[in-house]
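Reader: I'd like to go through some side-chain contacts and hear the reasoning behind each label. Can you walk me through them?

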Amino acid sequence: MSKPAAPKIDPLVIAISSRALFDLAESHRVYEEEGLDAYQAYQIAREDKPLKPGDAFSLVKKLLHLNDLLDESPVEVILLSRNSADTGLRIFNSIKHYDLDISRAAFSGGDSPYRYISAFNSHLFLSTDGYDVRQALELGVAAATILQSNKQVAQQETLKIAFDGDAVLFSDDSERIFKNKGLEAFSQNELKSANEPLSGGPFKQVLAALQQIQMAFPRGKSPIRTCLVTARAAPAHERVVKTLRHWNIRIDESLFLGGLKKGEFLEAFDADVFFDDQQEHCDSARNHVATGHVPHGVANE
């Protein structure tokens, strides 16, 4: 069966740290307790032993699988690592072991690799290092700190990605009103501004890129589903709906939870990953799904 003929798609470029892709907890413990020389010896001695998958491994595998479904490759994954090329050989050997189509990498030899994110034209950066994530956001790149999760690997083939609204898909302008003036002022502002589109947040372009990939498949046959999971409720939902309409961006499912905890809803959606700016929501979500904290906006000042 031939792949669907797709319109020209600009690839979604995702940069990921080695510790988000693979479980490097034990080798990192060696580095912290015994130092760099011991760490280098540890990795070199085990460079032919594949690393176990990390918290973002399943997400990356599903993203790369999209390249098998279309004539054009709509996704590229770049590895960014603080390892040297020498100690990083185990990481590349693990990539080969799991048959992941990742060929480009930056090994920064102990320095932060975030400075290469823009050079690779990355749209999204995933890391376990909060400092690097904040630096990426400062560069204008969508980024999230991948948190340790209790999620079991989802069995469905469909890639499911969930996003918070304010300060993630949208700007934090409305959330700032809520934080500074309370719920009533927030609600009044959203009613008054219902026909005024929200400004885009750091993940707007990621959602737009996912939609472009979705559109390359026949209607109803896309292997991607997106979901908005927001603490907003009626009547503050109207501005969100009209903003997405103004952007000409479709989202598959929308959950307006009115302050309810998000974890069980994300489990019901069976998300492969959820992105949220508030640590409290992330702590709830990580018990159910893989979770990325977006340290952006008023909640993180």
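Author: Sure. Let's start with Lys160, whose charged end sits over the ring of Phe269, 5.3 Å from the ring centre. Keep in mind that this is a predicted model.

Reader: What makes the distance good enough to say that Lys160 sits over the ring of Phe269?

Author: The cut-off from NZ to the ring centre is within 6 Å, and Lys160 comes in at 5.3 Å. Lys204 does the like with Trp247, with its charged end 4.4 Å from the centre of that ring.

Reader: Trp247 also pairs with Phe170. Why is that pair called tilted?

Author: The planes of Phe170 and Trp247 are 45° apart. Stacked needs under 30 degrees and edge-to-face over 60, so what is left is tilted. The centres are 5.4 Å apart, and the limit for a pair is within 6.5 Å.

Reader: Where do those two rings sit in the chain?

Author: Phe170 is in the loop between β6 and α7, Trp247 is in helix α10, and 77 residues separate them. Phe170 and Trp247 are both buried.

Reader: How do you know that Tyr31 and Tyr39 are edge-to-face rather than stacked?

Author: Their planes meet at 75°, and the cut-off for edge-to-face is over 60. The ring centres of Tyr31 and Tyr39 are 5.9 Å apart.

Reader: And which of the labels buried, partly exposed or exposed goes to Tyr31, and which to Tyr39?

Author: Buried means under 20% and exposed over 50%. Tyr39 has 10%, so it's buried. Tyr31 has 42%, so it counts as partly exposed.

Reader: On to charges. What makes Arg29 and Glu26 a salt bridge?

Author: Their closest N and O atoms are 2.5 Å apart, and the limit is within 4 Å. Arg29 also meets Glu33 in a salt bridge, at 2.6 Å.

Reader: Why are Arg29 and Glu33 about one helical turn apart?

Author: Because they are four residues apart in helix α2. Glu33 has 55% relative accessibility, so it counts as exposed, while Arg29, at 31%, is partly exposed.

Reader: How do you know that the salt bridge of Glu301 and Arg176 ties together separate parts of the sequence?

Author: Glu301 lies in the segment after β10 and Arg176 in helix α7, so the bridge spans 125 residues of sequence. N to O is 2.7 Å. Glu301 counts as exposed at 69%, and Arg176 as partly exposed at 29%.

Definitions and conventions
Residues numbered from 1 in each chain as written. Predicted model: local features only at pLDDT ≥ 70, side-chain atom pairs only at ≥ 80, totals over all residues. Heavy atoms only, no water. Phe/Tyr/Trp six-rings, centres within 6.5 Å; stacked < 30°, edge-to-face > 60°. Buried < 20%, exposed > 50% of the residue type's maximum accessible area, 1.4 Å probe, protein only. Lys NZ or Arg CZ within 6 Å of the ring centre and 35° of its normal. Salt bridge = Lys/Arg side-chain N within 4 Å of Asp/Glu carboxyl O.
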